[in-house]
Amino acid sequence: MNDPLLTLRGVKAYYGNVIALKGVDLDVNEGEIVALIGANGAGKSTLMMTVFGDPRAREGQIHFAGRNITALPTHEVAKLRIAQSPEGRRIFPRMTVMENLQIGATVADGAGLAGDLERVFALFPRLRDRVHQRGGTLSGGEQQMLAIGRALMSRPRLILLDEPSLGLAPLLVQQIFAAIRLLNEQDKLTVFLVEQNAYQALKIAHRGYVLVNGEITLQGSGRGLLERPEIRAAYLEGAAR
């Protein structure tokens, strides 16, 4: 087993006086895909945002590559080669595809920009076809590709993907998850994946965690969690097999 790249221990986070994370322990090992599943409002996105310091962990510690990043400002976390593709994509709609990708490259060494662009275009050829098109005119699937591509432009060691399949047609969902698996297998990129589509997430994940009301209630291999009857009943009813 590879060493933990991202570690959370006893992490608690609040919105005002409301506790959103209730002492979370979680590891993402180097080279893994780790999925975090749970219902709406379970705290999945909050956990991912807490890694970036917004909201700040009020208790507990977060370590990345052996460094305590619990109190680091968000922009300093990004410089550590942690990238995020946030829920809702949050691309810049008035900027072109190229400009969005260039924004993603601002924390990386500019000398490799051309190679980084080629990597993104090889993964998502549709972005090459729309390179001069404004982000806001892209389809939902293309915007998701752009959000992931923008994150990749920073040459991350760890990428956090928040609900990458949200609102996408089934065929596009398959394409997005195939791209995530490819990034992990070919580029050895470590992936922390927050996803409501539990079936697709656990199918590609090495390990997974289940978050319920701000607490981790189950963990195990992706395949092992898929086979658990309580997971199937809660999250997989009606899922494509």
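**View 1. The buried residues of helix α1.** In this predicted model, Lys-44, Thr-46, Leu-47, Met-48, Thr-50 and Val-51 are the residues of α1 that are buried. They make up six of the eight residues in this helix, which runs over residues 44-51 and is therefore described as mostly covered. Just after α1 comes Gly-53, whose phi is positive, at about 85°.

**View 2. A salt bridge that reaches helix α1.** The side chain of Lys-44 meets that of Glu-163 in a salt bridge, with 3.9 Å from N to O. The pair links distant parts of the chain, 119 residues apart, since Lys-44 belongs to helix α1 while Glu-163 sits in the loop between β7 (158-162) and α7 (170-187). Both Glu-163 and Lys-44 are buried.

**View 3. A salt bridge between two strands.** Lys-12 and Glu-59 also meet through their side chains in a salt bridge, here at 3.7 Å from N to O. Lys-12 lies in strand β1 (residues 4-15) and Glu-59 in strand β4 (residues 59-64), so that distant parts of the chain, 47 residues apart, are linked. Lys-12 is partly exposed, with a relative accessible area of 25%, and Glu-59 is partly exposed as well, with 38%.

**View 4. A salt bridge between two helices.** The side chains of Arg-119 and Asp-187 form a salt bridge of 3.0 Å, N to O. Because Arg-119 lies in helix α4 (residues 113-123) and Asp-187 in helix α7, the pair ties together parts that are 68 residues apart in sequence. Arg-119 counts as partly exposed at 27% relative accessibility, and Asp-187 counts as partly exposed at 35%.

Note on methods:
Residues numbered from 1 in each chain as written. Predicted model: local features only at pLDDT ≥ 70, side-chain atom pairs only at ≥ 80, totals over all residues. Heavy atoms only, no water. Buried < 20%, exposed > 50% of the residue type's maximum accessible area, 1.4 Å probe, protein only. Helix = DSSP H or I, 4+ residues; strand = E, 2+ residues; numbered from the N terminus. Salt bridge = Lys/Arg side-chain N within 4 Å of Asp/Glu carboxyl O.
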